[in-house]
Amino acid sequence: MKNTFYSIIVLLVIQTTASAQQTTPLETSNKQFYTEVGGPGVLFSANLDGRFAAGERTGWGYRAGLGFTLVDDETITTSPSGFQNYNYRTRSVATLPLGINYLFGKPGSPNMFEVGAGITVLSRRSSILNYNDYNEGFLLGHFSFMYRKQPVDGGFSWRVGMTPIINPDGDIFPFAAVGLGFTFK
């Protein structure tokens, strides 16, 4: 009788320990540093992406980056005799892509889909992606529809997708992005 009682106690302890291990949430990687060609940084950007809820891999999150792009600058000078001289030069413009996003995915799967929106702040008034060169601005809008391969335990990650950009005139330009990075906790 004593042995049966002790056996039942041992089995209950083992079962409780096993159940507790199954329901304990996994420590997952939910932050990502990546570089991106194209996308909201327009030409190139370095970004940090993370979730608002600690320990969660999916759900609402943020994106913040620093990048640059090149723009053509045209100056027109008129000589005293009335001839116009056009001077072209290329200059760089710093970009600051900021946004919120939502990640869809199954728990424990490295495959994820991102849907997001945000703004890109420009360091100078520029006519990026404008038909009307006179409508320069400091802001661009953007959306993101990205596939991500993001390991659960951290490590090398990549992303690819569409990132339509909206210029100050309200025109929407189809844009794409490719990013490589590192996922961490």
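This passage describes the fold, the surface and the internal cavity of a predicted model.

The secondary structure of the chain consists of 1 helix and 10 strands. In sequence order the elements follow the pattern α-β-β-β-β-β-β-β-β-β-β, with the helix placed ahead of the strands. Among contacts with a separation of 6 or more, 54% join residues that lie 24 or more positions apart.

Of the 185 residues in the chain, 35% are buried. The area exposed by the chain amounts to about 11,100 Å², and 66% of this area is supplied by carbon and sulfur atoms.

The interior was also examined for enclosed space. Rolling a probe the size of a water molecule over the atoms shows where empty space is left. The structure contains 1 cavity of 30 Å³ or more, and the largest cavity encloses about 40 Å³. Its lining is formed by P40, R63, G99, I100, N101, E114, G116, A117, H142 and S144. Three strands, β4 (84-105), β5 (111-126) and β6 (137-149), each contribute at least two residues to this lining. Within the spans given for these strands, G99, I100 and N101 fall in β4, E114, G116 and A117 in β5, and H142 and S144 in β6. By residue class, the lining of the largest cavity comprises 3 nonpolar, 5 polar and 2 charged residues. The nonpolar residues of the lining are P40, I100 and A117, while R63 and E114 are the charged ones.

Conventions:
Residues are numbered from 1 along each chain as its sequence is written. This is a predicted model: local features need pLDDT of at least 70, side-chain atom pairs count only at pLDDT 80 or more; totals for chains, interfaces and linings use all residues. Side-chain values use heavy atoms; hydrogens and water are left out. Helices (H or I, at least four residues) and strands (E, at least two) are DSSP runs, numbered from the N terminus. Buried means under 20% relative accessible area, exposed over 50%, partly exposed in between (1.4 Å probe, protein chains only). Contact means heavy atoms within 4.5 Å. Accessible areas come from the Shrake-Rupley method with a 1.4 Å probe; for residues, only the protein chains shown count as cover. On a 1 Å grid over the protein atoms alone, a cavity is a set of points where a 1.4 Å probe fits but cannot get out, and a pocket is an open set with protein on both sides within 12 Å along at least five of seven lines; lining residues have an atom within 4 Å of a point. Grid points are joined across faces, edges and corners, and a volume is the space filled by probe spheres set on the points.
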